[in-house]
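Please open the structure in your viewer and keep the sequence panel beside it. The tour below proceeds by selection, one stop at a time.

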2 protein chains.
Amino acid sequence: MESTPNIVEIAALIGDSSRAAMLVCLLSGKALPASELARVARISPQTASSHLGKMVAGGLLVHESYGRHRYYRLANQEVGNALEALSVIAPLKPIRSLRESEQSKSLHFARTCYDHIAGEIGVALTDKILELGLVREEGRDYAVTEEGMERFKEFGLSIENMKHTRRHFARQCLDWSERRHHMAGILGASMTKRLFDLGWIERMSEGRAVIVTVTGYEGFAKEFQMTFKHHELCI
Amino acid sequence: MESTPNIVEIAALIGDSSRAAMLVCLLSGKALPASELARVARISPQTASSHLGKMVAGGLLVHESYGRHRYYRLANQEVGNALEALSVIAPLKPIRSLRESEQSKSLHFARTCYDHIAGEIGVALTDKILELGLVREEGRDYAVTEEGMERFKEFGLSIENMKHTRRHFARQCLDWSERRHHMAGILGASMTKRLFDLGWIERMSEGRAVIVTVTGYEGFAKEFQMTFKHHELCI
DNA sequence: ACGATACTTCGATGATAGACGAATAACTCT
DNA sequence: AGAGTTATTCGTCTATCATCGAAGTATCGT
């Protein structure tokens, strides 16, 4: 009937505030789990699931399952192309508050992933621990070395007690903002708890964002040879 | 919420079947009266008026009044770009005729961007002209070189006359399908007109797609050392 | 001046679809 | 095995918006 391709359906898919928020979030090229996208769009998981299903059916997104998580990302480059082309003609939206944009930046820098630390800091810390030889990779996990046993004890962590729990000791956890691994499991959780106790990191008012305190910067530098400039990590 | 442009409203505007029909009809670059657009979308004049008002408010269209007629056209070339970018990811399912799918491919290959040539051909031609030293980049514009003056004259273009117009001489225009620049401005328009006059390119029945004729293939090869195989460009 | 044409505004209506609660399935951790 | 997550499906409710009839404004032809 219509001699034109149905840009209507595609545009209608993008033309919903919840779905657009998700799409813009996925423009970075990263794959994000459904729950994260629901949070970004400020809607319930049920509604998000409905939207994600429609966008997959419409060819905007594809998904991959990892365990109970389902990661969504843009189907192809052309989708990103179209979103960018729309951005060109879209009026700029006023930034509601500085705090929100700061918080968004903070999420990439440092946040908690359940009970362990993630973001740039999480990945960098895991890297340093590997580099210093405190742990070594072992399949999907990390195993503590002799030297690690000693250093973790100095840091205030009892590896012995951890071994008594049935939880995974030190699992590799995929980081959505860095696309690399950070440390999960009881070791990751205990370290993060210790970082809170030491006052190196503090939870921001709400959400999962975390800030590194002044003593934290000093501590990370001294204990793990991590370097910062202007409150950002040097890699 | 975020500092990103507000693509929601724009996409929602395009994501209505009646409005999309009007927009696609206006993709040719023509200005059409409201009644004609109502007829194309198969809706009443009242409804059409409502839609047109919203699209003007949203920055998609502009209107000019001539007597009791009101002519609507796309606000700028970026709107056309966005519509075409959407059609790239849309026509996956309903390809009704071979001609339509050919036309979609043609849009990537060669099309007019208002009055100058774009697509693969447009970008490649601009590249060649740069490579041959006929123009050089100068900020957001291109400037003709000594050699360019001579070669353009041989090609049938009077740089002198162009300088007398108030229009930009040779502007860089971003190409959505190639993500690179092609040449706009009076020089780009004049070259494109010359290509039509020489019969190197011809406008397809409707829309902005353009085909390269047999003499065009020979001409591009001879004059600009551009090579093709199977009616596709070799880069 | 008169009716005809082109387009707009206002108001009412009806259909679409986005929202969430409740329940279900799949998975992980203890 | 059981508790706690993550994600989905189903059903219902509600709000938004496209649509058109009726009426209003501006312009043209005669």
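Which residue stands opposite B:His63 in strand 3 of chain B? Select B:His63 together with strand 3 of chain B, and the residue facing B:His63 proves to be B:Tyr72. Please bear in mind throughout that the model on display is a predicted one.

**First stop: the sheet strands of chain B**

Extend the selection to residues 61-66 of chain B, which form strand 2. Strand 2 of chain B runs antiparallel to strand 3 of chain B, and 6 bridges join the two. At the turn of this hairpin, 2 residues separate the strands, and B:Gly67 takes a positive phi near 65°.

Now add residues 32-33 of chain B, which are strand 1. Strand 1 of chain B is likewise antiparallel to strand 3 (residues 69-74) of chain B, with 2 bridges between them. Here B:Pro33 is the residue to pick: B:Tyr71 of strand 3 of chain B stands opposite B:Pro33.

**Second stop: the open sheet of chain A**

Move to chain A and display its open sheet of 3 strands, whose order is 1-3-2 and whose pairing is antiparallel. Strand 1 (32-33) and strand 2 (61-66) of chain A are at the edges; each has a single partner strand, so one side of each lacks a neighbour in the sheet. In general, the strands of a sheet are paired through hydrogen bonds of the backbone, in either a parallel or an antiparallel manner.

Zoom in on strand 1 and strand 3 of chain A, an antiparallel pair with 2 bridges. Select A:Leu32, and its bridge partner in strand 3 of chain A is found to be A:Tyr72. Then show helix 4 of chain A, which lies across strand 2 and strand 3 of chain A and runs at about 120° to strand 2 of chain A.

For the wider view, colour the whole of chain A by secondary structure: 11 helices and 13 strands are present. Of the 235 residues in chain A, 45% are buried. Among the contacts in chain A between residues at least 6 apart in sequence, 54% join residues at least 24 apart.

**Third stop: DNA strand D**

Keep A:Tyr72 selected and bring DNA strand D into view. The strand is surrounded by 22 residues, and A:Ser35, A:Tyr72, B:Gln46, B:His51 and B:Lys54 are the closest. Of the atoms of DNA strand D that come within 4 Å of the protein, 69% belong to sugar and phosphate.

Three phosphate contacts merit individual inspection.

- A:Tyr72 places a polar side-chain atom 2.4 Å from a phosphate oxygen of DNA strand D.
- B:Ser18 has a side-chain N or O atom 2.8 Å from a phosphate oxygen of DNA strand D.
- A:Ala34 approaches through the backbone, with an N or O atom 3.3 Å from a phosphate oxygen of DNA strand D.

Next, colour the surface near DNA strand D by secondary-structure element. At least two residues each come from helix 3 (34-41), helix 4 (45-57) and strand 3 (69-74) of chain A, and from helix 2 (17-26) and helix 4 (45-57) of chain B. Helix 4 of chain B gives the most, with 4 residues. Coloured by residue class, this surface near DNA strand D shows 6 nonpolar, 10 polar and 6 charged residues.

**Fourth stop: a hairpin in chain B**

Return to chain B and select strand 6 (residues 135-138) and strand 7 (residues 141-144), which pair in the antiparallel sense over 4 bridges. One of the bridged pairs consists of B:Val135 and, in strand 7 of chain B, B:Val144. The hairpin has 2 residues between its strands, and B:Gly139 in the turn has a positive phi of about 65°.

Is B:Gly139 buried or exposed? B:Gly139 is exposed, with a relative accessible area of 63%. Add B:Gln172 to the selection: the two residues are 33 apart in sequence, and their C-alpha atoms are 9.0 Å apart.

**Fifth stop: two buried loop residues**

Select B:Ala110, in the loop between helix 6 (98-109) and strand 4 (111-113) of chain B. B:Ala110 counts as buried, at 0% relative accessibility. Beyond its sequence neighbours within four places, B:Ala110 is in contact with B:Ala118, B:Ile121, B:Arg208, B:Ala209 and B:Val210. B:Val212 is 102 residues from B:Ala110 in sequence, yet the C-alpha distance is 7.9 Å.

Finish at B:Thr213, in the loop between strand 11 (210-212) and helix 11 (214-224) of chain B. B:Thr213 counts as buried at 12% relative accessibility. Its contacts, with neighbours within four places in sequence left aside, are B:Gly199, B:Trp200, B:Ile201 and B:Glu202.

Notes. Residues numbered from 1 in each chain as written. Chains lettered and ligands numbered in written order. Predicted model: local features only at pLDDT ≥ 70, side-chain atom pairs only at ≥ 80, totals over all residues. Heavy atoms only, no water. Near = heavy atom within 4 Å. Polar contact = N/O pair within 3.5 Å; in protein donor to acceptor, adjacent residues only side chain to side chain. Nonpolar A, V, L, I, M, F, W, Y, C, P; charged D, E, K, R; others polar. Pairing = 2+ DSSP bridges. Contact = heavy atoms within 4.5 Å. Axes fitted to C-alpha atoms, helices over the stretch in contact; angles between N-to-C directions. Buried < 20%, exposed > 50% of the residue type's maximum accessible area, 1.4 Å probe, protein only.
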